[in-house]
Amino acid sequence: MAKKIPQINASSMADISFLLLIFFLVTTSMDVNQGLARRLPAPVPADQQTPPEINERNLMAVKINSLNQIMVQGQLMDIRQLKEEAKKFILNADNDASLPKLFEEDFGAPFGVLLYTKEHVISVQNDVDTQYQAYLDVQNELVAAYNELREECARKYFHKPYADLDEDIQKQIQKIYPQKISEAEPKNYGGK
């Protein structure tokens, strides 16, 4: 007669494995990926075949080559200058003919009638070999330009930070300074 070999009771092995899995999930830290918070534009109407034409003076072209150099309107620029250049473009405070056209609109109390560049667009295009960090730096500087303009407006009219304002008032300020950043498909600009 064959002798029975004692077997290990494996019924609790699943419980132990599950507890170890939970332990490692709880104690492990995960790297957070960088990303861009963006609100997607409204869908293009079905009857619109081609995108609307943008007047050249209303377009600020920002290109990043494969060496992570920034060109704004065809001129090399340091990343530290980009935010101020974007603010100048968005505001067009001197009504410069080479900057976006100013429109007059009544924004209601307390703003009243203001001149603003409602048709401006900042177009960002990068090389296929541009480093992701350089792309993020450009995007951050452009968003910072809009944020600073909105903050200045909030402090001028309400003597409060933009973040402390009611949602309706924030939307009014967003209408005065609409964030229009267009991202074009990457190209090969060279530079190496």
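Me: What share of the contacts in the chain with a separation of 6 or more comes from residues 24 or more positions apart?
Reply: Such residues account for 69% of those contacts. A contact here means heavy atoms within 4.5 Å. The model is a predicted one.

Me: What is the pattern of helices and strands along the sequence?
Reply: The order is α-β-β-β-α-β-β-β-α-α-β, with 4 helices and 7 strands in the chain.

Me: How many salt bridges does the structure hold?
Reply: The structure holds 8 salt bridges.

Me: What makes the pair Glu-84 and Lys-87 a salt bridge?
Reply: A salt bridge needs a side-chain nitrogen of Lys or Arg within 4 Å of a carboxyl oxygen of Asp or Glu. For Glu-84 and Lys-87 the N to O distance is 3.9 Å, so the pair meets the cut-off of 4 Å. Both residues lie in helix α2 (residues 79-91), 3 residues apart, which is about one turn of the helix. Glu-84 and Lys-87 also belong to a network of salt bridges that links them with Lys-83, Glu-148 and Glu-152.

Me: Why is Lys-87 called buried, and why is Glu-84 called partly exposed?
Reply: Buried means under 20% relative accessible area, and Lys-87 has 9%, so Lys-87 is buried. Partly exposed covers the values between the 20% and 50% cut-offs, and Glu-84 is at 46%, so Glu-84 counts as partly exposed.

Me: How do you know that Arg-155 and Glu-151 form a salt bridge?
Reply: Their closest N and O atoms are 3.0 Å apart, and the cut-off is 4 Å, so the pair counts as a salt bridge. Arg-155 and Glu-151 are 4 residues apart in helix α3 (residues 132-158), or about one helical turn. Arg-155, at 44%, is partly exposed, and Glu-151, at 24%, is partly exposed too.

Me: Why is Glu-167 called exposed, and Lys-171 partly exposed?
Reply: Exposed means over 50% relative accessible area; Glu-167 has 53%, so Glu-167 is exposed. Lys-171 has 49%, which is under that limit and over 20%, so Lys-171 is partly exposed. The side chains of Lys-171 and Glu-167 meet in a salt bridge (3.5 Å, N to O). They are 4 residues apart in helix α4 (residues 167-176), about one helical turn.

Me: Which residues of α4 are buried, and what puts them on the same side?
Reply: Ile-169, Gln-170, Ile-173 and Ile-176 are buried in α4. They cover an arc of only 110° around the axis, so they lie on the same side of α4. On the other side of α4, Glu-167 and Asp-168 are exposed. The buried residues of α4 pack against β5 and α3.

Me: What lines the second largest pocket?
Reply: The lining has 16 residues, and Leu-91, Leu-115, Lys-156, Ile-176 and Tyr-177 lie nearest the centre of the pocket. The elements giving two or more residues to this lining are α2, β5 (113-116) and α3. The largest share, 5 residues, comes from α3. The space in this pocket is about 320 Å³.

Me: How many residues of each class are in the lining of the second largest pocket?
Reply: There are 12 nonpolar, 2 polar and 2 charged residues in the lining. Leu, Ile and Tyr count as nonpolar, so Leu-91, Leu-115, Ile-176 and Tyr-177 belong to the nonpolar class. Lys counts as charged, so Lys-156 belongs to the charged class.

Terms used:
Residues are numbered from 1 along each chain as its sequence is written. This is a predicted model: local features need pLDDT of at least 70, side-chain atom pairs count only at pLDDT 80 or more; totals for chains, interfaces and linings use all residues. Side-chain values use heavy atoms; hydrogens and water are left out. Buried means under 20% relative accessible area, exposed over 50%, partly exposed in between (1.4 Å probe, protein chains only). On a 1 Å grid over the protein atoms alone, a cavity is a set of points where a 1.4 Å probe fits but cannot get out, and a pocket is an open set with protein on both sides within 12 Å along at least five of seven lines; lining residues have an atom within 4 Å of a point. Grid points are joined across faces, edges and corners, and a volume is the space filled by probe spheres set on the points. The arc is that of the directions from the helix axis to the C-beta atoms.
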